[in-house]
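Please work through the exercises below with the sequence and the coordinates open beside you. Each task is followed by a solution that goes step by step.

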Amino acid sequence: MFKSACANLALALLFATKTTHQSYATAFAMEAPAPATKKLKSSSYLSTIPEGPPDAILGIAEAFKACTDEKKVNVCVGAYRDSAGKPWILPSVRKAEERLLSDASANKEYAPIAGDAAYVALALGFAYGSDADLSNVAGVQSLSGTGACRIGGHFLSRFVPKPDGMEKVPIYIPSPTWGNHIKIFEEAGMDVRRYRYYNSKTNRLDYDGLLEDLKGAPDGSVILLHACAHNPTGCDPTADQWKDISDLVKSKSHHVFFDSAYQGFASGDAEADASALRLFVAEGHKVVLAQSFAKNFGLYGERTGTLSVLTNSVEEKKAVMSQLKLIIRPMYSSPPIHGSSIVRTVLTDDALTTEYYDNCKEMADRINAMRQKLAGVLKDVGSTHDWSHVTEQIGMFAFTGELHSPLFCPYTWTKPIFFRFFVCLMLHCYHMNNAGMSSDMCDELTSKYSIFLTRDGRISLAGLNDGNIEYVAKAVHAVTDGKSITS
């Protein structure tokens with residue numbers, strides 16, 4: 001860790017050498033008479049730009065590709081793989097795409113700023129419920145969930161009243177969370193704060209800490225909630241706990257921002273996975289919803305999602321829609337149409353819809369089978385640790401219990417290098433006696449066993465199959481044997 005800190009310190013202080021200036025006079029040496037010319041100065045600012053840190057997840061994926069070890073395993077990136085470890089296009093999606101390609105009336109015209117209205121209506125019905133009243137919901141198509149969060153962040157930053165004494169609108173994000181959340185909302189101009197979510201002493205939801213932090217947040221703050229299958233922990237509140245959270249949020253006049261990336265993929269039941277969102281709507285919250293079809297439809301590269309805002313009236317909806325369009329237009333003008341056309345085709349055909357739900361359940365069932373099997377094989381290979389928290393989690397990931405080092409945390413990369421260096425040293429000492437599968441254990445899994453995962457101990461269960469699960473379990477046992485995985 002100390003070497004890593006020094007390396008990062010050295011990298012941040014290193015600047016590229018300046019390029020030499022070259023006169024253009026030689027280019028005109030054969031011309032006569034040569035007019036008086038000034039030497040053109042090359043831009044100097046480019047030589048002062050430091051190299052930024054690699055993305056904590058995508059950088060690992062690139063390292064996996066470059067690895068030549070035949071036993072290498074990728075349990076890093078959150079993308080579904082079948083039992084053979086291959087990407088899987090859902091059969092319902094494949095059929096929808098074939099229909100689109102054979103449609104002679106189809107074209108490649110620009111979509112409206114707000115996207116395909118028919119797709120948006122179907123997507124909102126998928127989330128809020130097919131029988132939900134959507135007349136007051138302002139919805140736009142987005143570039144998957146990332147784009148939805150970015151649009152929503154800009155919207156809230158502009159229009160949510162700032163609590164007294166605050167220069168920016170605060171948004172409270174669970175700790176831990178999907179790493180990109182932090183930078184997205186910072187770039188949108190919000191004051192990103194954290195609330196406790198995961199208890200490393202129990203490897204489960206820190207429910208009391210969550211309530212205490214939301215209660216302590218300034219009235220009228222924005223609260224980000226994962227709609228289901230919390231990333232990375234897989235720990236979701238129970239139905240009763242969701243009700244308590246709703247009551248507390250309402251008592252504090254907080255604004256709710258749901259991020260829904262796994263509806264249907266979490267449990268295999270899209271209706272059940274939408275229960276928290278629908279509870280908050282029924283309780284009267286005017287929610288903002290970021291919705292992605294990357295995981296549950298397998299449309300990772302199509303960048304298909306929506307951003308919606310539940311308003312009080314048709315007039316409010318009209319005003320909100322106008323402002324969302326004003327945010328989108330200078331950002332990317334209009335969304336791509338292929339992915340949204342696939343979702344629209346599936347959800348407007350009863351046979352394809354039925355097949356889609358079966359496909360989605362098949363993915364969820366395989367993930368859950370790998371979850372149960374991983375815990376079982378860990379025991380079979382000799383691990384004496386209690387891995388029950390893994391089997392109790394839900395969704396794509398198994399979270400083994402520790403937050404990542406600050407040098408690899410997107411939040412700390414916004415801080416001065418000496419701040420990162422100091423915090424890294426402090427956390428290195430802390431991690432020596434702390435919880436979960438530590439960053440050092442994760443590093444050992446990668447360096448010694450070619451098992452690629454994020455340094456917070458998050459394992460993508462989609463990367464496991466019958467051919468590699470015993471190898472992974474033995475490696476995890478090797479790096480955790482005789483060491484604590486709870487604080």
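The exercises that follow treat the chain as a whole, then a sheet, then a helix, and then the cysteines.

The model is predicted, so that local features need pLDDT of at least 70 and side-chain atom pairs count only at pLDDT 80 or more, while totals for chains, interfaces and linings use all residues. Residues are numbered from 1 along each chain as its sequence is written, and side-chain values use heavy atoms, with hydrogens and water left out.

**Exercise 1. Describe the chain as a whole.**

Step 1. Count the secondary structure as DSSP runs numbered from the N terminus, helices being H or I over at least four residues and strands E over at least two; the chain then has 17 helices and 13 strands.

Step 2. Take buried as under 20% relative accessible area, exposed as over 50% and partly exposed as in between, with a 1.4 Å probe and protein chains only; of the 487 residues, 50% are buried.

Step 3. Define a contact as heavy atoms within 4.5 Å; among contacts between residues at least 6 apart in sequence, 76% join residues at least 24 apart.

**Exercise 2. Work out the strand order of the seven-stranded sheet and find a helix that lies across it.**

Step 1. Two strands pair if DSSP finds at least two bridges between them; the resulting open sheet has the order 2-10-9-8-7-3-4, with mixed pairing.

Step 2. Strand 2 (137-142) and strand 4 (191-196) are the edge strands, each pairing on one side only.

Step 3. Inside the sheet, strand 8 (residues 255-260) and strand 9 (residues 288-292) are parallel over four bridges, and Ser260 stands opposite Gln291 in strand 9.

Step 4. Fit axes to C-alpha atoms, for helices over the stretch in contact, and take angles from 0 to 180 degrees between N-to-C directions; helix 4 (residues 117-128) lies across strands 2, 9 and 10 and runs at about 115 degrees to strand 2.

**Exercise 3. Which residues of helix 2 (residues 58-66) are buried, and which are exposed on the other side?**

Step 1. Ile60, Ala61 and Phe64 are buried, and because they cover an arc of only 105 degrees around the axis (from directions to the C-beta atoms), they lie on the same side of helix 2.

Step 2. Leu58, Lys65 and Ala66 are exposed on the other side, whereas the cover over the buried residues includes strand 1 (73-74) and strand 12 (451-452).

**Exercise 4. How many disulfides does the structure hold?**

Step 1. With a disulfide defined as a pair of cysteine sulfur atoms within 2.5 Å, the search of the whole structure finds zero.

Step 2. Cys149 is buried at a relative accessible area of 0%, and Cys235 is buried at 9%.
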